Number of protein chains: 2
Amino acid sequence: MAGPRTRQAHATETRELILSTAERLFAEQGVAAVSNRQISEAAGQANNFAVGYHFGTKTDLVLAIVRRDSPSIERRRMEMLAGLRGSQTLRDWLACLVLPLTEHIASLGSPSWYARFIAQATTDPALRQLVIAETAVSPSMRAVTEGLERLLPVLPADVAAERGDMSRHLIVHVCAERERALQEGATTPRATWEGAAAGLIDALAGLWQAPFTPTD
Amino acid sequence: MAGPRTRQAHATETRELILSTAERLFAEQGVAAVSNRQISEAAGQANNFAVGYHFGTKTDLVLAIVRRDSPSIERRRMEMLAGLRGSQTLRDWLACLVLPLTEHIASLGSPSWYARFIAQATTDPALRQLVIAETAVSPSMRAVTEGLERLLPVLPADVAAERGDMSRHLIVHVCAERERALQEGATTPRATWEGAAAGLIDALAGLWQAPFTPTD
C-alpha cells in the first residue's frame, strides 16, 4: 500500500508530466488550440480531468508553465546584474535582457519548447497580458529597465513604450524561430545560442539608440 | 431558375465569405487550431465540405487569403519604388518595407485581421515557409533588398539573414499587436498607423546600421 510520501512523489511526477506535455502542445499548436482534455490524454492520464485536478483552469496551467522556468531566468539575470556594478556600457545592460533567456533555453537542450510556448502565450488574446506581466515585469527586469534609462537619451514615454514592445517581439520571436529551426534541423543564421544572443544585443543597441520620430 | 451568371456570382460571394471567416478564425485562434469544418460552419455553409469544395486543402486556403491582400500591398510598394528614383536615403528604402503593409491594414478599417493572420501563419510550423515566400520574396521586396544593400555597409551573409528575419519579426508582430489593441480598445504607443510606421522605420534604421558581432 502506498504511503503518503509515495503518493506525494507520484503527484509531483504527474504534475511535471502534465506541465511538459502542455508546454509542448501549446508551443506546437497555440494555447487556444489545445484543450485540457487533449493534454490529459497526451500525458497518458486515464482521467480526462487530470489537468483540472492538478492545475485548475487553463490560465492556471499556462502560468504554472511560465513559473517553472522563470526562477532560473530570474536567477541568471540577478547574477548578471550583480556583476555589472553600475556599468556605463549599454551592451552590458542589453545583455541582461537577452542572455538570461538564451542561456536558459540552451540549458534545456534540443528539442526545447519554452521559447515557442512564450511566443504563443504572448500572442494569445486571453493570456498575453498575464504572461507578459510574469515574464517582462519581474524585479530583475525592472532593474534592467532602470539601468537602460540611465544610459539612453531621454525618450518620450510613447516611444519608450514602443521600443520596449519591439525589444520583446525581437527577443521572443528570434528565440522561438531558432528553437523551431534547431528541432527541424533547418539552417539558422547563427551556429550557437551565444551567437544568436550577440546578434540580438547588436540589434537592440541599434534599436534603442536610433533617432526617433516624435508622435504627430 | 438561376442562370450560369448568377450561379457564378453566388460562388464568388461564398468564396469571399469563406476567406473572410477563415482569416478571422486563423487570426484569433491560430491556423492549426481551426478545422475546415469549423470554418464552413462559422461561414454559415450548410455543407461542411464547403471549404474543401471551394479551396482544396487548408494550405490552399491559407495561400488564397494571403493572395487576396498581397496584390494591394505589392502595388503600393511598386508605386513607392517608382517614386524613389535611386534615392540615397536609407529611410526611403525602409519605408518601402513598412508603409505598403501599414497603409494596407489602415485601409481595411478596424477590426481588421490581416496582420494577426500573417503573424499566426508565419509561426505555423507547416505553413511558415510558404507564407514567408509569398509575402517576403515578391518582386517588389527583391527591389527593396537590392536598394538597401546599396546603402548599407557590407554585412556577412549570416548577419544579413539574421537582420532580415528580425525586420520581418518586428514589422509583423508590431502590426499584429497594434491591430489587436485597436480592436480591444486598448492603448497603443502611437495614435495612428502612420505613427506606428514611423516608429518601425526608426527601429529598422537603427537595427540595420548597428555595429555587428561577427559569428564565432
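**Exercise 1. Find which residues of α9(B) meet α10(B), and describe how the two helices pack.**

Step 1. List the contacts, where contact means heavy atoms within 4.5 Å. On the α9(B) side are B:Ala160, B:Arg163, B:Gly164, B:Met166, B:Ser167, B:Leu170, B:Ile171, B:Val174, B:Cys175, B:Arg178, B:Glu179 and B:Leu182. They meet B:Trp193, B:Ala196, B:Leu200, B:Ala203, B:Leu204, B:Leu207 and B:Trp208 in α10(B).

Step 2. Sort these residues by class. The contact of α9(B) with α10(B) has 14 nonpolar, two polar and three charged residues. Here Ala, Val, Leu, Ile, Met, Phe, Trp, Tyr, Cys and Pro count as nonpolar, Asp, Glu, Lys and Arg as charged, and the others, Gly among them, as polar.

Step 3. Place the helices. Helices (H or I, at least four residues) and strands (E, at least two) are DSSP runs, numbered from the N terminus. In chain B, α9 covers residues 157-184 and α10 covers residues 193-209.

Step 4. Read the geometry. The axes come within 11 Å and cross at roughly 160°. That makes α9(B) roughly antiparallel to α10(B); angles under 35 degrees count as roughly parallel, over 145 as roughly antiparallel, 65 to 115 as roughly perpendicular and the rest as oblique. Axes are lines fitted to C-alpha atoms, for helices over the stretch in contact, and angles run from 0 to 180 degrees between N-to-C directions.

Step 5. Give the hand. α9(B) passes α10(B) in a right-handed crossing. A crossing is left-handed if the near helix is turned anticlockwise from the far one by less than a right angle, and right-handed if clockwise.

A note on the source: this is a predicted model, in which local features need pLDDT of at least 70, side-chain atom pairs count only at pLDDT 80 or more, and totals for chains, interfaces and linings use all residues. Residues are numbered from 1 along each chain as its sequence is written, chains are lettered from A and ligands numbered from 1 in the order in which they are written, and side-chain values use heavy atoms, with hydrogens and water left out.

**Exercise 2. Describe how α5(B) packs on α10(B).**

Step 1. Start with the axes. They lie 9 Å apart, at an angle of about 145°. The crossing of α5(B) with α10(B) is right-handed.

Step 2. Pick out contact residues. Among them are B:Leu94, B:Val98 and B:Ile105 in α5(B), and B:Ala197, B:Ile201 and B:Trp208 in α10(B).

Step 3. Count by class. The contact of α5(B) with α10(B) holds 16 nonpolar, two polar and two charged residues.

**Exercise 3. Do the same for α4(B) and α8(B).**

Step 1. Locate them. In chain B, α4 spans residues 58-84 and α8 spans residues 139-151.

Step 2. Take the geometry. The angle is about 35°, and the axes are 9 Å apart. α4(B) passes α8(B) in a left-handed crossing.

Step 3. Name the partners. B:Glu74, B:Arg77, B:Met78 and B:Leu81 in α4(B) meet B:Pro139, B:Ser140, B:Met141, B:Ala143 and B:Val144 in α8(B). By class, that is six nonpolar, one polar and two charged residues.

**Exercise 4. Relate chain B to chain A.**

Step 1. Superpose. A turn of 180° and a shift of 0.0 Å along the axis lay chain B on chain A with an RMSD of 0.0 Å. That is the relation of a two-fold axis. The fit is by least squares on the C-alpha atoms of residues with pLDDT of at least 70 in both copies.

Step 2. Compare surfaces. In chain A, 100% of the contact residues of chain B recur.

Step 3. Find a link between chains. B:Arg168 forms a salt bridge with A:Glu177 (a side-chain nitrogen of Lys or Arg within 4 Å of a carboxyl oxygen of Asp or Glu). The closest N and O atoms are 2.9 Å apart. The pair runs from helix α9 of chain B to helix α9 of chain A.

**Exercise 5. Locate the cis peptide bond between A:Ser110 and A:Pro111.**

Step 1. Check omega. It is about 0°.

Step 2. Place the proline. A:Pro111 is in the loop between α5 (90-108) and α6 (114-121) of chain A.
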